[in-house]
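Visitor: I am new to this structure, and I would like to understand the reasons behind the words used to describe it. Could you take me through them step by step?

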Amino acid sequence: MAIVLSILDLLLAILFVYAGSTKAFQPVERLEPKMAWVKDYSPRTVKLVGWAELLGGVGLILPGLVGLGILQLTAAICLAVLMVAAAVWHFRHNDAKGAIPSIVLAVLLAVLALFMVV
């Protein structure tokens with residue numbers, strides 16, 4: 001089970017580092033065609049979300065390597081909350097289909113956090 005959780009942790013970290021770096025380093029104008037939510041928020045907020053995802057992804061891996069598991073748990077919980085917020089945005093804009101990835105990621109992060117506690 002530990003191997004499965006480690007693989008899940010690594011995959012989620014890679015996903016969030018990639019997604020976060022895309023939002024943090026690309027101009028908002030380039031993100032608008034791919035991400036509808038960007039139009040509803042200021043460029044500063046979009047960059048903030050990108051940095052939160054990027055640092056959260058790093059937080060899923062780095063603390064575990066140096067023995068600070070509580071930070072790893074915190075990163076998983078914070079990213080899960082961020083994904084729930086993303087799902088809420090999709091539901092408010094009548095995009096239930098778009099909320100599915102956010103919900104799946106939130107559940108995976110919650111499962112990961114749960115097993116970090118146990």
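Visitor: How do you know that the length of α4 agrees with what is expected of a helix?
Guide: In this predicted model, α4 has 24 residues and reaches 35 Å from its first C-alpha to its last, which is close to the 34 Å expected at 1.5 Å a residue. The buried residues of α4 include Leu73, Leu79, Met83, Trp89 and His90, and what covers the buried residues of this helix includes α1, α3 and α5.

Visitor: Why is His90 called buried or exposed?
Guide: The word buried is kept for residues under 20% relative accessible area, and His90 has a relative accessible area of 15%, so His90 is buried. This residue is found in helix α4, and, not counting residues up to four places away in sequence, His90 touches Asp95, Ala96, Gly98, Ala99 and Ser102.

Visitor: What makes Asn94 notable in its phi?
Guide: Asn94, which follows α4, has a positive phi of about 55° although it is not a glycine. Most residues other than glycine have a negative phi. Asn94 lies in the loop between α4 and α5, and because its relative accessible area of 75% is over the 50% cut-off, Asn94 is called exposed.

Visitor: How do you know that the span of α5 agrees with its number of residues?
Guide: Helix α5 covers residues 96-117, and at 1.5 Å a residue its 22 residues should span 32 Å, while its end C-alpha atoms are 31 Å apart, so the two values agree. Among the buried residues of α5 are Gly98, Ser102, Leu105, Leu109 and Leu112, and the buried residues of this helix pack against α1, α3 and α4.

Visitor: Which helix gives the most to the nonpolar patch, and what makes up that patch?
Guide: Helix α5 gives the most, with five residues. The patch is a nonpolar surface of about 740 Å² made by Met1, Val4, Phe91, Ile103, Val107, Val111, Leu114 and Phe115.

Visitor: Why can Val111 belong to a surface patch?
Guide: A patch is made of residues with over 30% relative accessible area, and Val111, whose place is in helix α5, has 33% relative accessibility, so Val111 passes that cut-off. At this value Val111 counts as partly exposed, because 33% lies between the 20% limit for buried and the 50% limit for exposed.

Visitor: How do you know that Lys23 and Glu53 form a salt bridge?
Guide: The rule asks for a side-chain nitrogen of Lys or Arg within 4 Å of a carboxyl oxygen of Asp or Glu, and the side chains of Lys23 and Glu53 meet at 2.6 Å, N to O, so the pair satisfies the rule. The pair links distant parts of the chain, with Lys23 in helix α1 and Glu53 in helix α3, 30 residues apart. Both Lys23 and Glu53 are buried, and by this rule the count comes to one salt bridge.

Visitor: What is the reach of α1, and against what do its buried residues pack?
Guide: Helix α1 has 24 residues and reaches 34 Å from its first C-alpha to its last, close to the 34 Å expected at 1.5 Å a residue. Its buried residues, among them Leu5, Leu8, Leu12, Phe16 and Lys23, pack against α2, α3, α4 and α5.

Visitor: How many aromatic pairs are found, and why is the pair of Phe25 and Trp51 called edge-to-face?
Guide: A search of the whole structure finds two aromatic pairs. In one of them, Phe25 and Trp51 are 5.3 Å apart, centre to centre, with 80° between the planes; because the centres lie within 6.5 Å and the angle is over 60 degrees, the pair is called edge-to-face. Phe25 lies in helix α1 and Trp51 in helix α3, so the pair ties together parts that are 26 residues apart in sequence. Phe25 is exposed, because its relative accessible area of 56% is over 50%, whereas Trp51, at 38%, counts as partly exposed.

Conventions
Residues numbered from 1 in each chain as written. Predicted model: local features only at pLDDT ≥ 70, side-chain atom pairs only at ≥ 80, totals over all residues. Heavy atoms only, no water. Patch = residues over 30% accessible without salt bridge, like charges linked within 9 Å, V, L, I, M, F, W, Y side chains within 5 Å. Areas by Shrake-Rupley, 256 points an atom, 1.4 Å probe, with all protein chains shown as cover. Helix = DSSP H or I, 4+ residues; strand = E, 2+ residues; numbered from the N terminus. Buried < 20%, exposed > 50% of the residue type's maximum accessible area, 1.4 Å probe, protein only. Expected span 1.5 Å × (residues − 1). Contact = heavy atoms within 4.5 Å. Phe/Tyr/Trp six-rings, centres within 6.5 Å; stacked < 30°, edge-to-face > 60°.
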